Amino acid sequence: KIKKESGFNQYEFDSDIFLINQANYFLKINKIKSSLQFYAQENGLMINYHPKPFIFDYGSAMHFNLNLKKKGCNIFDQNAIDENKPLLSLIAAILKLLNQSLYLIFNNEEEFTRLYQQDELKQKVTPTNLSWGGNNRTTMIRIPDRLPTCLEFRLPSANSNIIGVMMFLLTSIYYSIIHDDITPPQRCYGNAYQYRYSSICKNLLEAKKCFSLNKIIDHSLSL
């Protein structure tokens, strides 16, 4: 499904539901992107997957929505958000592991333009810190007001490393199961940009310095 978005000539594509443990998950997403590029060219148009195509306009994100199922039932639906232990544990794991995993997700310096270019739009819909909330588009993690309950990971751009995102999310899921007693920071009820949550790495060099594959593996495998 394709629908018009708020930015200049910006459109959103909603993909089908995939199982994140499918080996060809990233191939499906790349095929969708390539198909859109082909059809655009066939009609004399161009698709731009740049994280921030226009300086003073909205950036282009690739949000990942996920839930966890046990015996066919979505465990995120079992309790209210603030009382749902598996959901809170996963939120905490994602926020805990993000900076040391960011180098897996962001391919180049351009990725950070969507997060840190100085304009008012980023304060409205672009995550700039390690925050979470309900139906709040300023946070890194959003829990939309709809059923089935899902966790929306809002950091990746339209040009992010899909394999890296998958590795990160799967590691975070595993970590949250093994360390089910971890808790996230305080839930954000306003504009996350105005609160003092921990920051995301501000450039590729900083992300590279924070990156530690061994530490990520240790986090995921430690008991």
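**Helix H5 and its contact with H2**

Let me begin with one side chain: the backbone oxygen of Met167 lies 2.8 Å from a polar atom of the side chain of Thr171, a polar contact being a pair of N or O atoms within 3.5 Å in which, within protein, one must be able to donate a hydrogen and the other to accept it, with residues adjacent in sequence counted only if both atoms are side-chain atoms. I should say that this is a predicted model, in which local features need pLDDT of at least 70 and side-chain atom pairs count only at pLDDT 80 or more, while totals for chains, interfaces and linings use all residues. Residues are numbered from 1 along each chain as its sequence is written, and side-chain values use heavy atoms, with hydrogens and water left out.

Thr171 lies in helix H5 and is buried, with a relative accessible area of 17%, where buried means under 20% with a 1.4 Å probe and protein chains only. Other buried residues of H5 include Ile162, Phe168 and Tyr175.

The helix itself, residues 162-178, is a DSSP run (H or I, at least four residues, numbered from the N terminus). At its start, a side-chain oxygen of Asn161 reaches to within 3.2 Å of the backbone nitrogen of Ile163.

Turning to the partner helix, H2 covers residues 85-105, and, with contact meaning heavy atoms within 4.5 Å, its residues Leu90, Ala93 and Leu97 are among those that meet a set in H5 including Val165, Phe168 and Thr171.

Definitions and conventions
Helices (H or I, at least four residues) and strands (E, at least two) are DSSP runs, numbered from the N terminus. The expected span of a helix is 1.5 Å times one less than its number of residues. Buried means under 20% relative accessible area, exposed over 50%, partly exposed in between (1.4 Å probe, protein chains only). Axes are lines fitted to C-alpha atoms, for helices over the stretch in contact, and angles run from 0 to 180 degrees between N-to-C directions.
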